[in-house]
Amino acid sequence: MIIGVGIDVVDIDRFARQLERTPALVRRLFVESERDLPVSSLAARFAAKEALAKSLAAPSGLSWQDAWVERIADRRPMLRVTGSVRDRAERLGADVFHLSLSHDAGIASAVVIAETSDQHD
């Protein structure tokens, strides 16, 4: 059952300028395994974190460090959650996340579908 859907878009050039003006943002927004990626990939991952928050009804108190994107063996992106994000997902019953990322024409985008794997009707 779908718990929530989130979508977000990020202007890559604007995002790059923000990171240049405030270099500490990279450490605040991204886990270590994400930090050395190209700016277009960082923008897509930021969009993924925003879309994830929206899929969980965008509560306050979520930590940027408690969600990140990994590539699994077949190169699909996968969301990993821990801490505050995992706690919120558990409260809503979300235990599966579907993620789609894209970056083209200066825009990075992400869609997240949060669902429960329970099949109780």
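**Exercise 1. Count the salt bridges, then work out what the Asp8 pair ties together.**

Start with the count: there are four salt bridges, each one a side-chain nitrogen of Lys or Arg within 4 Å of a carboxyl oxygen of Asp or Glu. Keep in mind that this is a predicted model, where local features need pLDDT of at least 70, side-chain atom pairs count only at pLDDT 80 or more, and totals for chains, interfaces and linings use all residues. Residues are numbered from 1 along each chain as its sequence is written, and side-chain values use heavy atoms, with hydrogens and water left out.

Step 1: find the pair. Asp8 forms a salt bridge with Lys54, and their closest N and O atoms are 2.9 Å apart.

Step 2: place both ends. Asp8 sits in strand S1 (residues 2–11) and Lys54 in helix H3 (residues 39–55), so this pair ties together parts 46 residues apart in sequence. Helices (H or I, at least four residues) and strands (E, at least two) are DSSP runs, numbered from the N terminus.

Step 3: check the exposure. Asp8 is buried at a relative accessible area of 11%, while Lys54 is partly exposed at 38%. The cut-offs are under 20% relative accessible area for buried, over 50% for exposed, and partly exposed in between (1.4 Å probe, protein chains only).

**Exercise 2. Set the Lys49 pair beside the Arg86 pair.**

Step 1: take Lys49 and Glu34, whose side chains meet in a salt bridge at 3.3 Å, N to O. Lys49 lies in helix H3 and Glu34 in the loop between helix H2 (24–29) and H3, so the pair ties together parts 15 residues apart in sequence. Lys49 is buried, with 4% relative accessible area, and Glu34 is buried too, at 1%.

Step 2: now take Arg86 and Glu90, with 3.9 Å from N to O in their salt bridge. These two are four residues apart in helix H4 (residues 83–92), which puts about one helical turn between them. Arg86 is partly exposed at 35% relative accessibility, and Glu90 is exposed at 54%.

**Exercise 3. Which element gives the most to the lining of the largest pocket?**

Step 1: go through the lining, which includes Lys49, Glu50, Leu52, Ala53, Trp64 and Val85. A pocket is an open set of points on a 1 Å grid over the protein atoms alone, where a 1.4 Å probe fits, with protein on both sides within 12 Å along at least five of seven lines; lining residues have an atom within 4 Å of a point.

Step 2: name the element. H3 gives the most, with four residues.
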